Number of protein chains: 2
Amino acid sequence: MSLPSTLLENAVDQLATLPGIGRRTAMRLALDLLRRDQHEVARFSEAIRKMRDEVRFCDTCCNISDEPRCAICRDPSRDPSTICVVEDIRDVIAIENTRQFKGHYHVLGGVISPMDGIGPDDLNTQELMERMTSGEVKEVILALGTTLEGDTTGFYLNRKLAEHGLVVSMLARGLSVGGDLAQADELTLGRSIADRKPYEQSVKR
Amino acid sequence: MSLPSTLLENAVDQLATLPGIGRRTAMRLALDLLRRDQHEVARFSEAIRKMRDEVRFCDTCCNISDEPRCAICRDPSRDPSTICVVEDIRDVIAIENTRQFKGHYHVLGGVISPMDGIGPDDLNTQELMERMTSGEVKEVILALGTTLEGDTTGFYLNRKLAEHGLVVSMLARGLSVGGDLAQADELTLGRSIADRKPYEQSVKR
(Lines give C-alpha, C1' and ligand atoms only; values in the text may rest on other atoms or scores of the structure.)
Protein backbone atom coordinates (compact mmCIF):
# COMPACT_ATOMS: atom_id res chain seq x y z
CA MET A 1 0.00 0.00 0.00
CA SER A 2 1.36 3.42 -0.90
CA LEU A 3 1.20 6.22 1.64
CA PRO A 4 -1.97 8.33 1.73
CA SER A 5 -0.02 11.61 1.81
CA THR A 6 2.63 12.84 -0.59
CA LEU A 7 3.98 15.14 2.12
CA LEU A 8 4.61 12.15 4.38
CA GLU A 9 5.91 10.13 1.45
CA ASN A 10 8.45 12.84 0.57
CA ALA A 11 9.69 13.07 4.14
CA VAL A 12 10.00 9.29 4.42
CA ASP A 13 11.83 9.15 1.07
CA GLN A 14 14.29 11.80 2.25
CA LEU A 15 14.90 10.20 5.64
CA ALA A 16 15.47 6.85 3.92
CA THR A 17 18.40 8.36 1.98
CA LEU A 18 20.39 8.50 5.25
CA PRO A 19 22.97 5.72 5.62
CA GLY A 20 21.66 2.73 7.57
CA ILE A 21 18.07 4.03 7.59
CA GLY A 22 15.61 1.81 5.71
CA ARG A 23 12.06 2.79 4.75
CA ARG A 24 10.57 1.19 7.85
CA THR A 25 12.84 3.15 10.18
CA ALA A 26 12.33 6.30 8.09
CA MET A 27 8.59 5.94 8.63
CA ARG A 28 9.11 5.65 12.39
CA LEU A 29 11.28 8.78 12.38
CA ALA A 30 8.75 10.72 10.25
CA LEU A 31 5.88 9.81 12.60
CA ASP A 32 7.97 10.84 15.59
CA LEU A 33 8.65 14.21 13.96
CA LEU A 34 4.95 14.58 13.08
CA ARG A 35 3.99 14.25 16.75
CA ARG A 36 6.33 17.03 17.80
CA ASP A 37 5.69 20.72 18.20
CA GLN A 38 5.87 22.67 14.92
CA HIS A 39 8.63 24.99 16.18
CA GLU A 40 10.69 22.05 17.35
CA VAL A 41 10.56 20.48 13.87
CA ALA A 42 11.43 23.85 12.31
CA ARG A 43 14.54 23.99 14.55
CA PHE A 44 15.43 20.42 13.57
CA SER A 45 15.11 21.12 9.86
CA GLU A 46 16.94 24.45 10.15
CA ALA A 47 19.91 22.98 12.07
CA ILE A 48 20.56 20.54 9.23
CA ARG A 49 20.20 23.10 6.43
CA LYS A 50 22.33 25.64 8.29
CA MET A 51 25.07 23.11 8.96
CA ARG A 52 25.33 22.26 5.26
CA ASP A 53 25.11 25.89 4.11
CA GLU A 54 27.40 27.55 6.62
CA VAL A 55 29.90 25.03 7.94
CA ARG A 56 33.51 25.93 7.17
CA PHE A 57 36.63 23.88 6.85
CA CYS A 58 40.07 24.69 8.26
CA ASP A 59 42.19 26.32 5.53
CA THR A 60 45.15 24.18 6.56
CA CYS A 61 43.96 20.72 7.58
CA CYS A 62 40.43 20.69 5.99
CA ASN A 63 38.84 19.65 9.29
CA ILE A 64 35.39 21.04 10.09
CA SER A 65 35.78 24.33 11.91
CA ASP A 66 33.78 27.48 12.61
CA GLU A 67 36.90 29.59 11.99
CA PRO A 68 39.30 29.83 9.04
CA ARG A 69 41.91 27.86 11.04
CA CYS A 70 40.85 25.11 13.41
CA ALA A 71 41.76 25.00 17.10
CA ILE A 72 44.33 22.21 16.56
CA CYS A 73 46.17 24.04 13.76
CA ARG A 74 46.17 27.23 15.88
CA ASP A 75 47.54 25.50 19.00
CA PRO A 76 51.24 26.58 19.36
CA SER A 77 52.00 23.62 21.68
CA ARG A 78 51.42 21.12 18.86
CA ASP A 79 54.11 19.89 16.51
CA PRO A 80 53.49 20.85 12.85
CA SER A 81 56.28 18.58 11.58
CA THR A 82 54.10 15.45 12.00
CA ILE A 83 50.85 15.20 10.07
CA CYS A 84 48.33 12.49 10.73
CA VAL A 85 46.15 11.84 7.66
CA VAL A 86 42.59 10.68 8.48
CA GLU A 87 39.32 10.08 6.68
CA ASP A 88 37.04 12.39 8.61
CA ILE A 89 36.46 14.37 11.79
CA ARG A 90 35.38 11.25 13.73
CA ASP A 91 38.91 9.90 13.36
CA VAL A 92 40.35 13.17 14.67
CA ILE A 93 38.09 12.90 17.72
CA ALA A 94 39.05 9.23 18.27
CA ILE A 95 42.79 9.97 18.05
CA GLU A 96 42.50 13.07 20.26
CA ASN A 97 40.77 10.89 22.87
CA THR A 98 43.86 8.65 23.07
CA ARG A 99 46.00 11.69 24.08
CA GLN A 100 48.90 9.95 22.29
CA PHE A 101 49.31 12.36 19.41
CA LYS A 102 50.54 15.95 19.58
CA GLY A 103 51.05 16.68 15.90
CA HIS A 104 48.74 18.15 13.29
CA TYR A 105 46.05 16.47 11.20
CA HIS A 106 44.94 16.38 7.60
CA VAL A 107 41.32 15.42 6.94
CA LEU A 108 40.78 13.80 3.53
CA GLY A 109 36.98 13.98 3.71
CA GLY A 110 36.63 10.35 2.56
CA VAL A 111 38.65 7.52 1.06
CA ILE A 112 39.27 6.43 -2.51
CA SER A 113 36.41 4.16 -3.56
CA PRO A 114 36.10 3.36 -7.27
CA MET A 115 32.83 1.50 -6.51
CA ASP A 116 31.26 4.75 -5.27
CA GLY A 117 32.98 6.84 -7.95
CA ILE A 118 35.27 8.57 -5.43
CA GLY A 119 38.76 9.23 -6.79
CA PRO A 120 41.75 11.12 -5.32
CA ASP A 121 40.51 14.41 -6.77
CA ASP A 122 37.26 14.15 -4.78
CA LEU A 123 39.31 14.17 -1.57
CA ASN A 124 41.51 16.85 0.01
CA THR A 125 44.68 15.28 -1.44
CA GLN A 126 45.77 18.41 -3.32
CA GLU A 127 45.65 20.38 -0.05
CA LEU A 128 47.82 17.69 1.59
CA MET A 129 50.45 17.90 -1.16
CA GLU A 130 50.54 21.68 -0.86
CA ARG A 131 51.43 21.32 2.83
CA MET A 132 54.53 19.32 1.81
CA THR A 133 56.04 22.19 -0.20
CA SER A 134 57.07 24.23 2.89
CA GLY A 135 59.64 21.58 3.90
CA GLU A 136 58.40 21.81 7.50
CA VAL A 137 56.82 18.35 7.52
CA LYS A 138 59.09 15.48 8.58
CA GLU A 139 56.61 12.62 8.97
CA VAL A 140 53.18 11.74 7.60
CA ILE A 141 51.19 9.08 9.47
CA LEU A 142 48.55 7.39 7.35
CA ALA A 143 45.79 6.68 9.90
CA LEU A 144 43.23 5.16 7.55
CA GLY A 145 40.70 2.41 8.10
CA THR A 146 41.88 -1.18 7.53
CA THR A 147 39.48 -1.67 4.64
CA LEU A 148 40.08 -2.12 0.93
CA GLU A 149 39.31 1.58 0.43
CA GLY A 150 41.58 2.63 3.28
CA ASP A 151 44.42 0.49 1.90
CA THR A 152 43.92 1.86 -1.63
CA THR A 153 44.02 5.41 -0.33
CA GLY A 154 47.15 4.67 1.72
CA PHE A 155 48.86 3.11 -1.31
CA TYR A 156 48.06 6.14 -3.46
CA LEU A 157 49.18 8.69 -0.85
CA ASN A 158 52.40 6.82 -0.02
CA ARG A 159 53.41 6.94 -3.69
CA LYS A 160 52.64 10.65 -3.97
CA LEU A 161 54.38 11.50 -0.69
CA ALA A 162 57.51 9.45 -1.48
CA GLU A 163 58.71 12.24 -3.79
CA HIS A 164 59.04 14.61 -0.84
CA GLY A 165 61.67 12.58 1.00
CA LEU A 166 59.89 12.28 4.34
CA VAL A 167 58.92 9.42 6.62
CA VAL A 168 55.55 7.91 5.69
CA SER A 169 54.26 5.60 8.42
CA MET A 170 51.02 3.81 9.08
CA LEU A 171 49.23 2.69 12.22
CA ALA A 172 50.25 -0.70 13.65
CA ARG A 173 47.92 -3.60 12.95
CA GLY A 174 47.65 -6.42 15.44
CA LEU A 175 45.70 -7.77 18.37
CA SER A 176 43.24 -5.51 20.17
CA VAL A 177 44.38 -4.54 23.64
CA GLY A 178 42.30 -6.61 26.08
CA GLY A 179 41.50 -9.01 23.26
CA ASP A 180 41.65 -12.78 23.29
CA LEU A 181 43.93 -14.61 20.87
CA ALA A 182 41.23 -17.13 19.98
CA GLN A 183 38.74 -14.37 19.26
CA ALA A 184 40.95 -12.44 16.83
CA ASP A 185 40.18 -12.97 13.14
CA GLU A 186 42.71 -14.86 11.01
CA LEU A 187 43.93 -11.84 9.05
CA THR A 188 44.60 -9.80 12.18
CA LEU A 189 46.29 -12.69 13.98
CA GLY A 190 48.40 -13.46 10.90
CA ARG A 191 49.40 -9.80 10.68
CA SER A 192 50.29 -9.70 14.38
CA ILE A 193 52.68 -12.66 13.83
CA ALA A 194 54.29 -11.14 10.75
CA ASP A 195 54.70 -7.75 12.50
CA ARG A 196 55.96 -9.16 15.81
CA LYS A 197 58.34 -6.96 17.79
CA PRO A 198 61.24 -7.70 20.19
CA TYR A 199 59.79 -8.20 23.67
CA GLU A 200 61.86 -5.40 25.21
CA GLN A 201 60.53 -2.96 22.66
CA SER A 202 56.93 -4.06 23.06
CA VAL A 203 56.62 -3.69 26.81
CA LYS A 204 58.50 -0.36 26.94
CA ARG A 205 55.34 1.72 27.29
CA MET B 1 36.68 16.15 22.95
CA SER B 2 33.86 18.52 22.03
CA LEU B 3 33.13 19.18 18.38
CA PRO B 4 35.11 21.96 16.69
CA SER B 5 32.00 23.49 15.11
CA THR B 6 28.80 24.63 16.80
CA LEU B 7 26.93 24.24 13.50
CA LEU B 8 27.91 20.56 13.36
CA GLU B 9 27.20 20.19 17.07
CA ASN B 10 23.66 21.60 16.66
CA ALA B 11 22.89 19.29 13.75
CA VAL B 12 24.20 16.26 15.65
CA ASP B 13 22.17 17.26 18.73
CA GLN B 14 19.02 17.52 16.63
CA LEU B 15 19.56 14.24 14.80
CA ALA B 16 20.20 12.54 18.15
CA THR B 17 16.67 13.50 19.29
CA LEU B 18 15.26 10.98 16.79
CA PRO B 19 14.12 7.70 18.34
CA GLY B 20 16.78 5.00 18.23
CA ILE B 21 19.50 7.40 17.03
CA GLY B 22 22.38 7.85 19.48
CA ARG B 23 25.06 10.53 19.23
CA ARG B 24 27.47 8.27 17.39
CA THR B 25 24.91 7.47 14.69
CA ALA B 26 23.79 11.12 14.60
CA MET B 27 27.41 12.08 13.85
CA ARG B 28 27.54 9.58 10.99
CA LEU B 29 24.29 10.97 9.54
CA ALA B 30 25.49 14.58 9.89
CA LEU B 31 28.78 13.80 8.08
CA ASP B 32 26.83 12.04 5.33
CA LEU B 33 24.62 15.13 4.89
CA LEU B 34 27.70 17.37 4.91
CA ARG B 35 29.18 15.49 1.96
CA ARG B 36 26.06 15.99 -0.14
CA ASP B 37 25.17 18.71 -2.57
CA GLN B 38 23.78 21.86 -0.92
CA HIS B 39 20.50 21.71 -2.86
CA GLU B 40 20.01 18.11 -1.92
CA VAL B 41 20.31 18.92 1.78
CA ALA B 42 17.93 21.89 1.32
CA ARG B 43 15.38 19.48 -0.18
CA PHE B 44 15.93 17.06 2.70
CA SER B 45 15.43 19.74 5.33
CA GLU B 46 12.45 21.25 3.49
CA ALA B 47 10.62 17.90 3.10
CA ILE B 48 10.67 17.43 6.86
CA ARG B 49 9.56 20.99 7.72
CA LYS B 50 6.84 20.92 5.06
CA MET B 51 5.50 17.58 6.26
CA ARG B 52 5.11 18.89 9.82
CA ASP B 53 3.66 22.25 8.73
CA GLU B 54 1.27 21.13 6.02
CA VAL B 55 0.24 17.54 6.61
CA ARG B 56 -3.51 17.12 7.15
CA PHE B 57 -5.54 14.49 8.90
CA CYS B 58 -8.73 12.85 7.67
CA ASP B 59 -11.74 14.63 9.25
CA THR B 60 -13.37 11.27 9.91
CA CYS B 61 -10.72 8.73 10.88
CA CYS B 62 -7.81 11.07 11.79
CA ASN B 63 -5.42 9.17 9.50
CA ILE B 64 -2.77 11.19 7.69
CA SER B 65 -4.18 12.38 4.40
CA ASP B 66 -3.58 15.12 1.83
CA GLU B 67 -7.33 15.64 1.50
CA PRO B 68 -10.04 16.43 4.07
CA ARG B 69 -11.29 12.83 3.83
CA CYS B 70 -8.83 10.00 3.29
CA ALA B 71 -9.06 7.49 0.43
CA ILE B 72 -10.30 4.69 2.71
CA CYS B 73 -13.14 6.78 4.19
CA ARG B 74 -14.10 7.93 0.66
CA ASP B 75 -14.15 4.37 -0.78
CA PRO B 76 -17.84 3.40 -1.25
CA SER B 77 -16.98 -0.33 -1.42
CA ARG B 78 -15.88 -0.33 2.22
CA ASP B 79 -18.15 -1.08 5.17
CA PRO B 80 -18.54 1.89 7.55
CA SER B 81 -20.33 -0.22 10.19
CA THR B 82 -17.04 -1.78 11.33
CA ILE B 83 -14.29 0.47 12.68
CA CYS B 84 -10.81 -0.78 13.38
CA VAL B 85 -9.06 1.36 16.02
CA VAL B 86 -5.28 1.56 15.61
CA GLU B 87 -2.36 3.49 17.07
CA ASP B 88 -0.94 5.05 13.92
CA ILE B 89 -0.74 4.98 10.13
CA ARG B 90 1.78 2.12 10.15
CA ASP B 91 -0.89 -0.15 11.62
CA VAL B 92 -3.33 0.89 8.87
CA ILE B 93 -0.71 -0.05 6.27
CA ALA B 94 0.00 -3.38 8.00
CA ILE B 95 -3.70 -4.32 8.16
CA GLU B 96 -4.35 -3.18 4.58
CA ASN B 97 -1.51 -5.45 3.47
CA THR B 98 -3.35 -8.46 4.90
CA ARG B 99 -6.37 -7.75 2.61
CA GLN B 100 -8.54 -9.22 5.39
CA PHE B 101 -10.33 -6.08 6.45
CA LYS B 102 -12.86 -4.10 4.43
CA GLY B 103 -14.20 -1.76 7.10
CA HIS B 104 -13.09 1.72 8.16
CA TYR B 105 -10.31 2.79 10.53
CA HIS B 106 -9.84 5.17 13.38
CA VAL B 107 -6.29 6.36 14.06
CA LEU B 108 -5.66 7.31 17.70
CA GLY B 109 -2.29 8.95 17.02
CA GLY B 110 -0.68 7.10 19.95
CA VAL B 111 -1.58 5.03 23.01
CA ILE B 112 -2.24 5.98 26.62
CA SER B 113 1.09 6.10 28.44
CA PRO B 114 1.13 7.71 31.89
CA MET B 115 4.95 7.33 31.93
CA ASP B 116 5.21 9.65 28.92
CA GLY B 117 2.40 11.91 30.15
CA ILE B 118 0.03 10.79 27.37
CA GLY B 119 -3.58 10.55 28.51
CA PRO B 120 -6.83 9.85 26.58
CA ASP B 121 -7.27 13.55 25.78
CA ASP B 122 -3.94 13.62 23.93
CA LEU B 123 -5.27 10.99 21.51
CA ASN B 124 -8.11 11.13 18.98
CA THR B 125 -10.54 9.47 21.41
CA GLN B 126 -13.11 12.31 21.33
CA GLU B 127 -13.29 11.98 17.53
CA LEU B 128 -13.90 8.22 17.91
CA MET B 129 -16.77 8.77 20.35
CA GLU B 130 -18.36 11.28 17.98
CA ARG B 131 -18.44 8.62 15.27
CA MET B 132 -20.56 6.43 17.57
CA THR B 133 -23.39 8.97 17.77
CA SER B 134 -24.65 8.32 14.21
CA GLY B 135 -25.76 4.79 15.16
CA GLU B 136 -24.17 3.50 11.95
CA VAL B 137 -21.33 1.64 13.70
CA LYS B 138 -22.04 -1.99 14.69
CA GLU B 139 -18.59 -3.22 15.71
CA VAL B 140 -15.37 -1.65 16.92
CA ILE B 141 -12.20 -3.74 16.65
CA LEU B 142 -9.45 -2.67 19.04
CA ALA B 143 -6.31 -3.44 17.04
CA LEU B 144 -3.74 -2.17 19.52
CA GLY B 145 -0.25 -3.40 20.35
CA THR B 146 0.07 -6.14 22.95
CA THR B 147 1.99 -3.90 25.33
CA LEU B 148 1.05 -2.43 28.70
CA GLU B 149 0.15 0.83 26.94
CA GLY B 150 -1.89 -0.93 24.28
CA ASP B 151 -3.77 -2.91 26.92
CA THR B 152 -4.43 0.23 29.00
CA THR B 153 -5.77 2.03 25.94
CA GLY B 154 -7.98 -0.95 25.04
CA PHE B 155 -9.35 -1.13 28.60
CA TYR B 156 -10.18 2.58 28.55
CA LEU B 157 -11.85 2.51 25.13
CA ASN B 158 -13.84 -0.66 25.85
CA ARG B 159 -15.36 1.03 28.91
CA LYS B 160 -16.20 4.20 26.95
CA LEU B 161 -17.62 2.26 23.99
CA ALA B 162 -19.73 -0.09 26.15
CA GLU B 163 -22.30 2.67 26.61
CA HIS B 164 -23.10 2.62 22.89
CA GLY B 165 -24.38 -0.97 22.84
CA LEU B 166 -22.13 -2.29 20.08
CA VAL B 167 -19.73 -5.19 19.69
CA VAL B 168 -16.23 -4.34 20.92
CA SER B 169 -13.72 -6.96 19.83
CA MET B 170 -9.96 -7.26 19.91
CA LEU B 171 -7.41 -9.04 17.76
CA ALA B 172 -6.72 -12.69 18.59
CA ARG B 173 -3.53 -13.42 20.53
CA GLY B 174 -1.77 -16.69 20.05
CA LEU B 175 1.02 -18.44 18.19
CA SER B 176 2.59 -16.78 15.17
CA VAL B 177 1.71 -18.49 11.91
CA GLY B 178 4.81 -20.40 10.84
CA GLY B 179 6.12 -20.25 14.42
CA ASP B 180 7.54 -23.04 16.52
CA LEU B 181 5.85 -23.98 19.79
CA ALA B 182 9.17 -24.17 21.62
CA GLN B 183 10.15 -20.72 20.39
CA ALA B 184 6.98 -18.94 21.54
CA ASP B 185 7.29 -16.95 24.78
CA GLU B 186 5.45 -18.22 27.88
CA LEU B 187 2.80 -15.51 27.92
CA THR B 188 1.85 -16.03 24.29
CA LEU B 189 1.83 -19.82 24.59
CA GLY B 190 -0.26 -19.59 27.80
CA ARG B 191 -2.68 -17.26 26.02
CA SER B 192 -2.93 -19.60 23.05
CA ILE B 193 -3.94 -22.43 25.40
CA ALA B 194 -6.52 -20.32 27.27
CA ASP B 195 -7.99 -19.03 23.98
CA ARG B 196 -7.98 -22.40 22.17
CA LYS B 197 -10.72 -22.93 19.58
CA PRO B 198 -12.63 -26.02 18.34
CA TYR B 199 -10.56 -27.67 15.60
CA GLU B 200 -13.32 -27.41 12.99
CA GLN B 201 -13.54 -23.66 13.54
CA SER B 202 -9.78 -23.15 13.48
CA VAL B 203 -9.05 -24.81 10.14
CA LYS B 204 -12.06 -23.28 8.35
CA ARG B 205 -10.02 -20.57 6.66
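This is a dialogue on how to read some features of a predicted model.

Colleague: Where do I start with the two chains, and how many residues of chain A are in contact with chain B?

Modeller: Start by counting the residues on each side of the interface. Here 46 residues of chain A are in contact with 46 residues of chain B.

Colleague: Which elements of chain A supply the side that touches chain B?

Modeller: At least two residues each come from α1 (6–15), α2 (23–34), α3 (38–54), β2 (64–65) and α5 (89–98) of chain A. Of these, α3(A) gives the most, with 14 residues. Sorted by class, that side of chain A has 25 nonpolar, nine polar and 12 charged residues.

Colleague: What turn and shift lay chain A on chain B?

Modeller: A turn of 179° and a shift of 0.0 Å along the axis do it, with an RMSD of 0.1 Å. This is the relation of a two-fold axis. In chain A, the C-alpha nearest the axis belongs to Ser45(A), at 2.4 Å from it.

Colleague: Why can one say that the copies meet through the same surface?

Modeller: Compare the two lists of interface residues. The copies meet through the same surface because 100% of the interface residues of chain A are also interface residues in chain B.

Colleague: Which domains does the assignment give for chain A?

Modeller: Domain 1 covers 6–53 and domain 2 covers 57–170. Their C-alpha centres in chain A lie 33 Å apart.

Colleague: Now a strand. How many residues of β4 in chain B are buried?

Modeller: To judge burial, count the neighbours of each residue. Strand β4 (residues 103–107) of chain B is mostly covered, as four of its five residues are buried.

Colleague: In which sense do β3 and β4 of chain B pair, parallel or antiparallel?

Modeller: Strand β3 (residues 79–86) of chain B pairs with β4(B) in the parallel sense, over five bridges. Within β4(B), Val107(B) stands opposite Val86(B). Helix α5 (residues 89–98) of chain B joins the picture too: β3(B), this helix and β4(B) make a right-handed β-α-β unit.

Colleague: One last residue. Is Glu186(A) buried or exposed?

Modeller: A residue counts as exposed if 12 or fewer other C-beta atoms lie within 10 Å of its own. Glu186(A) has 7 other C-beta atoms within 10 Å, so it is exposed. This residue is found in helix α8 (residues 186–194) of chain A.

Colleague: How many Å separate the C-alpha atoms of Glu186(A) and Cys61(A)?

Modeller: The separation is 36 Å, and along the chain Glu186(A) and Cys61(A) are 125 residues apart.

How values were computed:
Residues are numbered from 1 along each chain as its sequence is written. Chains are lettered from A and ligands numbered from 1 in the order in which they are written. This is a predicted model: local features need pLDDT of at least 70, side-chain atom pairs count only at pLDDT 80 or more; totals for chains, interfaces and linings use all residues. Two residues are in contact if their C-beta atoms, placed from the backbone, lie within 7 Å. Ala, Val, Leu, Ile, Met, Phe, Trp, Tyr, Cys and Pro count as nonpolar, Asp, Glu, Lys and Arg as charged, and the others, Gly among them, as polar. Domain bounds come from an automatic or database domain assignment. A residue is buried if 20 or more other C-beta atoms lie within 10 Å of its own, exposed if 12 or fewer, and partly exposed in between; C-beta atoms are placed from the backbone. Two strands pair if DSSP finds at least two bridges between them. A crossover is right-handed if, with the strands pointing away from the viewer, the path from the first strand over the helix to the second runs clockwise. Copies are superposed by least squares on the C-alpha atoms of residues with pLDDT of at least 70 in both.
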